[in-house]
Amino acid sequence: MRYAQERPGLKLHLVDEVNERLMLTALCGRTVERWRLGLNLPMGMACGRCLRVARAANPTPREYIVL
Ligand SMILES: [Zn+2]
């Protein structure tokens, strides 16, 4: 799962990776032809719908952390 955006200045969406390639459709359903990875960007720019989908799928993320 990576944060990615369509263009600089737009919202950061959560996008799944398969074989190190980003899926074209973000968790919220937004589809683009090509994502740019969102690096070093404020999380305040994250897409609220993507975050809701991620939380609904994994409501207690701490239980999934394996050290
Ligand atoms: Zn989104």
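H13 counts as buried because it has 25 C-beta neighbours inside 10 Å, and 20 or more are enough for that label. This residue belongs to strand β2, which covers residues 13-15. The model is a predicted one, and its elements, read along the sequence, follow the pattern β-β-β-β-β-α. The points below begin with H13 and then turn to the fold, the sheet, the core, the exposed loops and the confidence of the prediction.

**The surroundings of H13**

- Apart from neighbours within four places in sequence, H13 is in contact with A4, Q5, A26, C28, R30, C47 and C50.
- The C-alpha atoms of H13 and T25 are 9.4 Å apart in space, while the two residues are 12 residues apart in sequence.

**The overall fold**

- The protein contains one helix and five strands.
- Of its 67 residues, 18% count as buried.
- Among contacts with a separation of 6 or more, 44% join residues that are 24 or more positions apart.

**The sheet**

- Three strands form an open sheet, in the order β2-β1-β5, and the pairing is antiparallel.
- Strands β2 and β5 stand at the edges with a single partner strand each, so one side of each has no neighbour in the sheet.
- The antiparallel pairing of β1 with β2 runs over three bridges.
- Within this sheet, R2 has V15 of β2 as its bridge partner.
- The antiparallel pairing of β1 with β5 runs over two bridges.
- On the β5 side, Q5 stands opposite R36.
- In a regular strand, the side chains alternate between the two faces of the sheet.

**The nonpolar core**

- The largest nonpolar core consists of nine residues, namely Y3, A4, L12, L14, V15, A26, L27, C47 and C50.
- Strands β1 (2-5) and β2 each supply at least two residues of this core.
- In soluble globular proteins, nonpolar side chains tend to be buried together.
- Several core residues also belong to the surroundings of H13, since A4, A26, C47 and C50 are among the contacts of H13.
- V15, a member of the core, is in contact with R2, A4, L22, M23, A26 and W35, leaving aside its neighbours within four places in sequence.
- The contacts of V15 thus include R2, the residue that has V15 as its bridge partner.

**The loop between β3 and β4**

- N19 is placed in the loop between β3 (17-18) and β4 (21-22), and E20 lies in the loop between these strands as well.
- N19 has a positive phi of about 50° although it is not a glycine.
- E20 also has a positive phi, of about 65°, and is likewise not a glycine.
- N19 is exposed because 4 other C-beta atoms lie within 10 Å, and a count of 12 or fewer gives that label.
- E20 counts as exposed because it has 5 C-beta neighbours inside 10 Å.

**The loop between β5 and α1**

- L39 is found in the loop that joins β5 (36-37) to α1 (48-57), and M43 is found in the loop between β5 and α1 too.
- L39 counts as exposed because it has 9 C-beta neighbours inside 10 Å.
- M43 counts as exposed because it has 9 C-beta neighbours inside 10 Å.
- L39 is 36 residues from Y3 in sequence, and their C-alpha atoms are 7.7 Å apart in space.
- M43 is 40 residues from Y3 in sequence, with a C-alpha to C-alpha distance of 9.4 Å.
- Y3, to which both of these distances refer, is one of the residues of the largest nonpolar core.

**Confidence of the prediction**

- The mean pLDDT of the protein is 83, and 87% of its residues reach 70 or more.
- Over residues 63-67 the pLDDT is below 50, and this stretch has one contact in the model beyond near neighbours in sequence.
- Among the elements, β2 has the highest mean pLDDT (92) and α1 the lowest (88).
- Strand β2, with this highest mean value, is the strand in which H13 is found.

Notes. Residues numbered from 1 in each chain as written. Predicted model: local features only at pLDDT ≥ 70, side-chain atom pairs only at ≥ 80, totals over all residues. Helix = DSSP H or I, 4+ residues; strand = E, 2+ residues; numbered from the N terminus. Contact = placed C-beta atoms within 7 Å. Core = buried A, V, L, I, M, F, W, Y, C linked by C-beta atoms within 7 Å. Pairing = 2+ DSSP bridges. pLDDT = per-residue confidence, 0-100.
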